[in-house]
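Reader: I have a model open on my screen and would like some help reading it. Could we go through it feature by feature?

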Amino acid sequence: MKRLLNIHEAPIILFTVLIGILFTIISPEFLQLDNAKLILDQNTSSAIVAIGMTMVILLGGIDLSVGSVLALTATSVGLFLSHGMSPWLASLLGVGIGILCGMFNGYFIAVLNIPDIIVTLASMYIFRGLAVGISGGTWMTNFPSGFQFFGQGQVLGISFPLIVTVLLIIGFIFLLKFTRFGRRIYAIGGNKAAAKLAGVSIPKTKFMVYVFSGMLVGIAAVIFASKVGSVQASTAGGNLSFEVMAAVLIGGGSIFGGTGTIAGTAVGILLMGIIKNGLVIAKVSPFWVDATTGFLIILAIAINTLQYVRQNKRKGGELI
């Protein structure tokens with residue numbers, strides 16, 4: 001039992017289970033299999049983007065541009081499809097655009113050493129402006145039937161977006177836990193000076209993290225566009241940055257960097273999805289969804305701050 005409680009994600013998993021039980025008591029419909037599938041399917045795009053945001057926050061960074069990258073990528077895919085391009089090629093080019101956006105952010109942050117909040121705030125407006133410009137401010141609709149598979153298709157009765165999401169989560173958990181690249185991310189976020197002394201290339205690692213983040217947003221954008229069936233450049237992914245950052249923090253990530261896991265972030269996304277779905281089923285005003293999310297963010301940051309202070313005190317005591 002003690003071993004289970006010592007697992008980093010244990011508190012958020014326990015809290016998620018308790019919230020699920022609460023909504024089941026309020027409304028028995030919540031526990032139905034179809035509703036569980038709906039919760040998972042509705043949050044696939046957010047979960048994919050949150051993987052990249054986890055790595056950014058592990059570095060002690062922030063990325064405000066992911067919503068705009070999603071809008072630009074989804075709009076571009078819509079334009080490619082409208083010109084008769086095959087769904088697979090259009091999707092691959094869309095992911096490529098996401099990677100280019102990540103490279104743009106990574107260059108200014110990692111190579112030119114400009115603070116990430118400034119770069120991503122600027123690129124948030126740049127990418128959104130490009131999306132609106134290339135679309136002419138109109139809705140991108142009438143996607144071909146072959147494109148629907150990416151967001152609505154099934155493989156052996158399982159949602160294709162869910163399969164992609166689970167595979168990406170597993171893949172990046174492995175990347176962070178068992179590769180040199182993953183250890184470098186934790187090292188930089190934990191102690192940048194020590195990581196530099198150990199020979200870690202901080203600019204290269206940062207650059208690659210933002211490239212991976214852009215790639216993941218590109219994949220999420222393809223699924224988003226396919227699932228929704230239309231894209232409005234000015235509004236697509238409007239709150240995405242804050243939602244995925246909230247999931248990382250709720251899942252045990254630290255705003256100071258160096259602490260957090262992709263598994264914890266995935267549970268954070270699940271918790272937010274459960275709360276949104278549960279409030280709707282309980283016929284609570286949707287306005288309370290944002291209020292609840294905000295409260296969870298404050299709670300998560302407060303817990304992170306207390307843990308950070310406690311760890312520093314412990315380290316100070318050991319030095320003495």
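**Reading the model together**

Author: Gladly! Let's begin inside: apart from neighbours within four places in sequence, Ile 48 has contacts with Val 164, Thr 165, Leu 168, Leu 216, Ile 219, Ala 220 and Ile 223. Keep in mind that this is a predicted model.

Reader: Which residues have the most contacts inside the largest nonpolar core?

Author: The general idea comes first: in soluble globular proteins, nonpolar side chains tend to be buried together. Here the largest nonpolar core has 80 residues, and Ile 48, Phe 147, Leu 168, Phe 172 and Ile 185 have the most contacts inside it. Helix α12, residues 202-228, supplies the largest share of this core, with 11 residues.

Reader: Next, the pockets. What is the volume of the largest pocket, and which residues lie nearest its centre?

Author: To read a pocket, look at its volume, then at what lines it. The volume of the largest pocket is about 450 Å³. Its lining has 18 residues, and Gln 42, Ser 45, Ser 46, Phe 224 and Glu 243 lie nearest the centre. Two or more lining residues come from each of α4 (44-58), α12, α13 (240-250) and α14 (262-281).

Reader: How many residues of each class are in that lining?

Author: Sorted by class, the lining of the largest pocket holds four nonpolar, 11 polar and three charged residues.

Reader: Now the backbone. Which residues other than glycine have a positive phi?

Author: Two examples are worth finding on your screen. Asn 113 has a phi near 60 degrees, and Leu 156 has one of about 55 degrees. Asn 113 sits in the loop between α6 (87-111) and α7 (116-135), while Leu 156 sits in the loop between β1 (154-155) and β2 (158-159).

Reader: Are these two buried or exposed?

Author: Compare the relative accessibility with the cut-off: exposed means over 50%. Asn 113 is at 61%, so it counts as exposed. Leu 156 is at 86%, so it counts as exposed too.

Reader: One more loop, please. Where is Gly 61, and why does it count as buried or exposed?

Author: Gly 61 lies in the loop between α4 and α5 (66-82). Buried means under 20%, and Gly 61 counts as buried because its relative accessibility is 16%.

Reader: What does Gly 61 touch, not counting residues up to four places away in sequence?

Author: Gly 61 touches Val 56 and Asp 116. It helps to set sequence beside space here: Gly 61 and Asp 116 are 55 residues apart in sequence, yet their C-alpha atoms are 6.3 Å apart.

Key
Residues are numbered from 1 along each chain as its sequence is written. This is a predicted model: local features need pLDDT of at least 70, side-chain atom pairs count only at pLDDT 80 or more; totals for chains, interfaces and linings use all residues. Side-chain values use heavy atoms; hydrogens and water are left out. A nonpolar core is a set of buried Ala, Val, Leu, Ile, Met, Phe, Trp, Tyr and Cys residues joined through side-chain atoms within 4.5 Å. Buried means under 20% relative accessible area, exposed over 50%, partly exposed in between (1.4 Å probe, protein chains only). Helices (H or I, at least four residues) and strands (E, at least two) are DSSP runs, numbered from the N terminus. Contact means heavy atoms within 4.5 Å. On a 1 Å grid over the protein atoms alone, a cavity is a set of points where a 1.4 Å probe fits but cannot get out, and a pocket is an open set with protein on both sides within 12 Å along at least five of seven lines; lining residues have an atom within 4 Å of a point. Grid points are joined across faces, edges and corners, and a volume is the space filled by probe spheres set on the points. Ala, Val, Leu, Ile, Met, Phe, Trp, Tyr, Cys and Pro count as nonpolar, Asp, Glu, Lys and Arg as charged, and the others, Gly among them, as polar.
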